[in-house]
Amino acid sequence: MKMLKAKNKLGLVFFPAFDWRISPSHPEREERLLYTQDQLSEEGIEDIEGIKFYNPSLAEERDIERVHFCVPDVKSRVTESHLISAGGVIKSLEMVMTKQVDKAFALTRPPGHHAQRVVYGDRGFCIINVEAVAIEKIRQKYGKLRVAIVDTDCHHGDGTEDIYWNDKDTLVISFHQDGRTLYPGTGFINEMGGPGGYGYNVNIPLPPGTGEEGFLYVLDNLVMPILEDYKPDLIINSAGQDNHYTDPLTSMNFTAQGYAQLNERLNPDLAVLEGGYSIEGALPYVNLGIILAMAGLDYTKVKEPDYNKEKLRQSRDITDYIKKTTDTVYRQWQMKDDLYIRNIRGRDYIQENKRIYYDTDGIMENQVRRFKVCNKCTGVNTIDSSNDRGRHILAITIPRDACSSCLDEGYRLYKTTSHRYTNVYLQDRVNDQYLIKE
Amino acid sequence: MIVAIDMGGTNIDGVIVEEGRIIKTIKRPTDRSNLFNTIYFTLKELLENQDKSKITRINLSTTVSTNAIVEDKITPVGMIIQPGPGLPYENLACGRENAFISGYIDHRGNVVEKMDTAEIVAIGDRFVAAGIEACGVVTKFSTRNPQHETMIRDLLGDRFATITLGHTMSGKLNFPRRVYTAYLNSAVHSSFYNFATNIKKSLEEEGVAVPIYILKADGGTMSLEAAQEKPVETILSGPAASFMGIRALLPTDEDAVLLDIGGTTTDIFFLADGVPLFQPLGIKIREYKTLVRAIYSVSMGLGGDSSIDLIDNKIKIGPERKGKPYAYGGPKATPTDAMMVLGLLEAEAGVKARAEEALDVIGKVLNLNTIETATLILDTMGEMIKSKLQGLLEEINSQPVYTIKELLYGKKLEPKLINIIGGPAKILAPILEKKLGLPCNYPSNYLVANAIGAALARPTMEISMHVDTSKKILSVPELELYERVKSSFSLSDAKERALNLIHEHAQKTGMPWDVEAEIIEETSFNMVRGFYSSGKDIRVKAQIRPGLIQELRSDENA
């Protein structure tokens, strides 16, 4: 008799929050990770040498303020459950950074990848972006880090895109069901990033019906080559599990085997559970597959009860379409510097208008975003945002690498704002300061 | 009058307790080659000149099953394992013969793939031909649905001395542990069965026909008959006996550390509000992690006779015992030698001189005189216990929790006192008191504390209830209960039913006093399919916690 031993030391922050829900029959309800827990318990994961379970730590208010502008403030938008969920990712990332573990997987809820910089409420079941909160906390401690986030949730990770839109130290790659067919309706190829991170936001919209072949094709032929170019210090898998063929909210054909293979090849330092609402038929198997793959254990026997490889095979059309999309996106990645020269260079500011709908809370927001094009740093930027509940705010961000003139400009803007705003916020990432004016 | 025996690896202790008073104690060496005789003659000696008609019960803590496992004197077992999809399973092959069969049941208890009866019949034949005497049958998620396990048992028929079904071992989910637990149960079955039959017969011949109880690793007892069904529950009851002994000698209802400091090892236990802390899943024996419920106990290789070495000019004590203390002709200096040098342990002049000689060698290297060296040794011993305790407490207090309430407001174990038994208890108590800043107590008489613990331990049990109201099924694997319930069955119904089941079981097994059953875990989840509630998933754990049959009279304590 020999005991299983993980090749990679894996830390699991498994926090199912059995006493938290959005509403009784909401997909984000107490029951969501119950069967995953049953499966992991029955498989005896906690007894495998090299795999250990940990409790989340608790994120603090200032950890949230480093990433988000909660309106009117953090206290009124964020609950204990969000601080714990973010705390779970913080704990996971800290364990990786201190080499307490080789890899970590945060299975916490609620998820976070739809939470954008401005937060009026809940959208896509998310209020705060748990990964971004953890990454920015770690950056304060460990300094400059090149981070690649690969979002494998079926929905476009629009919150993560928004947060890192203007940051080339954080490469965001999201592959998801085409925004023309699914919430949140964004995530198109031409969303390349702001002037400070142009080309470092990569979207791969996939057609409904994409299966194992398609996802792994994108991984091998687009994601991995991009990561080879980018050479990140950290790879994070935003591991939504709703590409699964049994998911009730989406139309894809991905599998537990597929998710496990993806994680084996992507080899992330950290995985974070995002969406995924087939709580009986998918999550127990997908999570098990990801855990085994990350631990370097044999996952080939992990299969869903109704798994049928032939039935889940994607059509020829889909395969061809995906190949074409992959080529286009990769060409765009290779040409990003030329595209910058053509579209950005020489301009002082880039201004964008954006409409954001909070589906969970039913709020409509309009943003005017202004990014300074600075040749010394990423550039100060502002969001002028109003919503249909009478809020009108100005949010100023001074980036981590701000030059002295951008820093001064940020504070000048904060001091001289007009009275038409209900709230004004300043996020100074250089000095890790956060200011609010009402 | 309660008669109790605690058989350890080295010694066997016996005690008679009557109305909280210790009437008689004995201590004899264990003859490992003949455990039955060791117990039998100790019992006989204990009962000499006693009024046998006054005996109400006999409590035994034995190493019969433990020894069988540790010394590999076990019955050849054939394992039939249904792994279904999931982890690799080849490593679960623990039997003499192993068969991994087709078919599987999922986490909700649905039969996803039927099993193949012809396959089982063929395996049965193969096992018989290979000389297999006992079987273990374990299917994944059998606690949720035992159908395949029971079908396999029926197909195997009566060709084997015993067949252990995984789901009867525990209601907890952990397939590998269930495999090992069922394996060990079948492996020790005949050893324990023979022992039990013999002990019963011999006692009857002596004119003692009272209920016999066997100590379990959880600090409770079970009837001899129940132990014959689940002998695996009798493994590693030694630490549980000393744990119960400390509780009897030094009662408390606070958070506390209990220490049993012996010659070779120090056993560490914890109480939370006076209630013992358990191992989260079960005890480990040899390389086998099991689902056998057990008191949380950690053994460190540190005792009065641990050998002392100097490593990089630092004193290192243990983890080995290389023989007697130097003063008594052993090869190495030990804490016992240090205690003699400091006059804390009485010794003849010649013996003490040898102790001083041993410490002098160490002192020379460290530039200390013998008194300073001895002080440093005991201080180091205290420091080692302190750092071990701190590490364990940190680990215990970071056990995973699953609700926001527990994470933010859950109980943290914060010991308020330390209760110690064992040879060096009296000498180390003041040192630990100073180091840990906690009051340390020790009893005046600890010599047969473990036998006292065995004597006063009362029956325990734990059940895990799972109710799925959408499937209308209630299950309690430990009681082999699977029954239909109404879809309106609620959490409070479940709790009531669980307590009733414990009471029924207690009555059936003749527990002779008022049983205090309690609910230790309860959850109820709304199951939603589509946008509608399809039922409830209710989980309840209930137990009779370990406790004492009677309190020792206070004049028996410290």
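Q: When are two residues in contact?
A: When their C-beta atoms, placed from the backbone, lie within 7 Å.

Q: And what am I looking at?
A: A predicted model: local features need pLDDT (the predictor's confidence in each residue, from 0 to 100) of at least 70, side-chain atom pairs count only at pLDDT 80 or more, and totals for chains, interfaces and linings use all residues. Residues are numbered from 1 along each chain as its sequence is written, while chains are lettered from A and ligands numbered from 1 in the order in which they are written.

Q: What ipTM and pTM does the complex get?
A: ipTM is 0.94 and pTM is 0.95.

Q: What pLDDT does chain B average?
A: 93, with 98% of its residues at 70 or above.

Q: Chain A now. Which domains does it have?
A: Domain 1 covers 5-336 and domain 2 covers 348-437. The bounds come from an automatic or database domain assignment. Their centres, taken over C-alpha atoms, are 27 Å apart.

Q: How many residues does each give to the contact?
A: Domain 1 of chain A gives 25 and domain 2 of chain A gives 29.

Q: Switching to H8(A), residues 256-266. Why is it largely enclosed?
A: Because eight of its 11 residues are buried. Buried means 20 or more other C-beta atoms within 10 Å of the residue's own, all placed from the backbone. Among the buried ones are A:Gly258, A:Tyr259 and A:Leu262.

Q: What covers them?
A: The cover includes strands S6 (147-151), S9 (234-239) and S10 (270-273) of chain A, plus helices H7 (212-230) and H9 (283-295) of chain A. These are DSSP runs numbered from the N terminus: helices are H or I, at least four residues, and strands are E, at least two.

Q: Which residue follows H8(A)?
A: A:Asn267, with a positive phi near 55 degrees.

Note on methods:
Buried ≥ 20, exposed ≤ 12 C-beta atoms within 10 Å, placed from the backbone.
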